[in-house]
Structure formats: structure tokens, C-alpha cells
Amino acid sequence: MALIAKGLDGIVVDNTSVSQVTSETSSLIYRGYRAQDLADQCTFLEVAYLLWHGELPTRSQLADFSKSESAHRSIDPALIEALRHIPLQAHPMDIVRTGVSWLGMEETDTLHMDMPRTELAALKLLAKIPTIIAVGYRVKKNLPIIPPKPDLPFSENFFNMTFGKIPAPEVLKAFEVSMVLYAEHSFNASTFTTRVVTSTLADIYSAVTAGICSLKGPLHGGANEEVMHMLIEIGEPSKAQAWVDDALAQKKKIMGFGHRVYKKQDSRAPTMDRYGRALAKTLAQPKWHDIATIVEKTMIEKKNIYPNLDFPTGPAYYLMGFDIDFFTPLFVMSRIAGWSAHIIEQMKANRLIRPLSEYTGPEERPVKPLDQRG
């Protein structure tokens, strides 16, 4: 019998130069740089450039890259009109998925997209996905659409499109840090999904749409939403200890803790936690982080399980003003950088991804005529 690794646990299916997760040291590097160092010192666009080109940009390269990104932010009025007709109960991830599919339909001959067209499409997606998310947000709240401003930096433009204003520098920095830390994470479920789709020679829009579908699940991208729902359910710091004790006694899954790959702590979590707490201090709203502190302390003491990136990101996004169901679309807005890097890498050395399976059904048997099937 063949060795079966459920969930592909421990299986190395390919090589990559984009990023490395080292489970023993709980570390993550992008093209050789520690993710937390990049979050401290670089903007999201610098990191997107790094993931796509292999090196951090010079000042002039960054200026050119930023100019190219800002030039592609606008989306067709027909797409905006289509988003106006999406059912109001639709999850924002469905809005983003639909928007990306629309962008793919705007392309000609997506059955034969070469590398230059794919790289340009990656840039378009990086620039337009924030606009799609902002339009979706405004539509769901019946607010007028705010068009992108090419003269604003990446995050400032997104906040302005979404909320009609640019927040304090501490808010922007915490947001940029989250974008950098979410940008890439090796062969996670959604990234592997994009590589599987790309291996069939499908276009980048198809691959990214599939990645969005994979990321929607609460065991992957949706975890940051579940974290905030949990904190709201707890309500007050004084209730946190009893809530966690009761959840553990009932063997409930507490979202935002543990990770399939890391042996101990997710190296990204402390960085996001630091900026999230600075944000809470700036806004004078410490409650959610006070609750989170008790939850984290109890989980470590009683279960020896540490928080992952989703745990500190949930309350940070909530304090920034985002509705909870928009947390995962923000993940998409960041991870498009990593997905695109992997899609391009897959295209350069492609082999159709087609694993085997171990059959456990009935042995081969004859088909009985209908009137003999009891």
C-alpha cells in the first residue's frame, strides 16, 4: 500500500525561490529576507516588487513601480454597475471573486496568455483588487463610489476609496504591516491552488479566482474574521478567562491559534501584535487587546498553543474601521503579490500537477439489470 499523507502533510511537491517557512525555528523569509524585518522597514509595494523581481527595489525602481501600479487602479464603469447588482447578502469574498473574473473577461484570448501579458495582468490585479474591495464596501452600505486617486500612495488611496478619508499614520503603518505579513507564505492552501490551476496552462485570472475561493474557508483566510467574532462574543476582559476555560472544557476550536507548519509560534504574530497594540493605544481603545491578552496567555499556559497571524490581525482591522466580513478580502489584497509570484514561477518550469490517490471503495463488480437490484 502506498504511503498516504492526508492533507499532503510533510510532502514536498516542488521547489520555490519565493519564500521559505522553517517549521523548526518558526521563521518565514521572502527571497531571503525575514518577513518581520520587511514589515518594519518596507512598504507593501516594496515587498510586492521583491516577490516579483527577486530583489528589493532601488528608489527609482520603486518610483516607476508605484507609478505603474497607480496607473491601473481604475475599473470599468460596467464592472462597478455589475457590482451594484450583487445580492446584498453576498459575502465580500464573493464580490472580489466576481470582480477578478470580470477582469479576466476584459482580456482577449486568455487561453494563450504569454509571460509578458501575465506579468502585466499581475500588476493590474495588484492595482484593481483594492478598488473592487472598496467599491464592494461602498455598495453594501449604499454609499457613493469614490474613484481611486493616482497621486495617493497605495494604502492611503485604499482608505480614501473605502472611507472617504485618510487615517492617522499609526493606522496606515499597522495596515501596511498586515499587508506585508500576509503577502506570501510558501505553499499554503490558496497558493498551491493557484499553482495547480496554472499548471493546466489556465490564465492568471482563473488561477487567482481559484485562490480566492480557497482563501475564503475559515481554516485558511477566514480565520481572522472568526477571531474577531470570538472577541466580540467574549465582550469584556473580565469575562475572558471564564469564556476560554469553558471553551477548552467543551473542546471547542479557538480560532487564531496553532498552525499546520510552525512547530511553535508564528513568527509573524508578534510583529502584527506590536503594531496592533500601538494602534489601539493611539485610538484609546484597548479593550479588544486586553481580551486577547487573556485568551493568548491561557492558551499558552493550558495548551502550549501559540497565536498565528490571524489572531492579532482581527482586532487591528476592526479598530481600523473595517467590517468583519471584509477582513478576508484584505487578505486577498495582500496575497495577490505572493500568488502572482508563484503563478509566474510555475509558468517558467511547468509540469501538470496530478497526484495519485489510494482507492478504498468496493472491488470491481458487474452492473446488475435494473429489475435485479432489490
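**Aromatic contacts, an internal cavity and backbone outliers**

In this predicted model, the count of aromatic pairs comes to 20. A pair of aromatic rings is described by the distance of the centres and the angle of the planes. For Phe159 and Phe322 the ring centres are 5.4 Å apart and the planes meet at 55°, so this pair is classed as tilted, given that only angles over 60 degrees count as edge-to-face and those under 30 degrees as stacked. Phe159 belongs to helix H7 (residues 154-163), whereas Phe322 is found in the loop between helix H15 (310-320) and helix H16 (327-348), and the pair therefore ties together parts that are 163 residues apart in sequence. Both Phe159 and Phe322 are buried.

The two residues also take part in a wider arrangement, since one aromatic cluster is formed by Tyr137, Phe158, Phe159, Phe163, Phe175, Tyr317, Phe322, Phe326 and Phe327. A contact of another kind, between a charged side chain and a ring, is made by Lys287, which lies over the face of Trp288 at 4.4 Å from the ring centre.

With regard to internal voids, the count comes to 1 cavity of 30 Å³ or more, and the volume of the largest cavity is about 40 Å³. The lining of this largest cavity consists of Leu83, Ile86, Pro87, Leu88, Ile95, Gly136, Val139 and Lys140. Helix H6 (residues 115-140) supplies the largest share of that lining, with 3 residues. By residue class, the lining of the largest cavity divides into 6 nonpolar residues, 1 polar residue and 1 charged residue; Gly counts as polar and Lys as charged, so the polar and charged members are Gly136 and Lys140, respectively.

The backbone was also examined for unusual torsions. Most residues other than glycine have a negative phi. Leu8, although not a glycine, has a positive phi of about 60°, and its place is in the segment before strand S1 (19-22). The relative accessibility of Leu8 is 42%, and this residue therefore counts as partly exposed, the range for that class lying between 20% and 50%. A positive phi, of about 55°, is likewise found at Asn304, which is not a glycine either. Asn304 is placed in the loop between helix H14 (287-303) and H15. With a relative accessibility of 52%, Asn304 counts as exposed, because the exposed class comprises values over 50%.

Note on methods
Residues numbered from 1 in each chain as written. Predicted model: local features only at pLDDT ≥ 70, side-chain atom pairs only at ≥ 80, totals over all residues. Heavy atoms only, no water. Phe/Tyr/Trp six-rings, centres within 6.5 Å; stacked < 30°, edge-to-face > 60°. Helix = DSSP H or I, 4+ residues; strand = E, 2+ residues; numbered from the N terminus. Buried < 20%, exposed > 50% of the residue type's maximum accessible area, 1.4 Å probe, protein only. Lys NZ or Arg CZ within 6 Å of the ring centre and 35° of its normal. 1 Å grid on protein atoms, 1.4 Å probe; cavity = no way out; pocket = protein on both sides within 12 Å on 5 of 7 lines; lining within 4 Å. Points joined across faces, edges and corners; volume = space filled by probe spheres on them.
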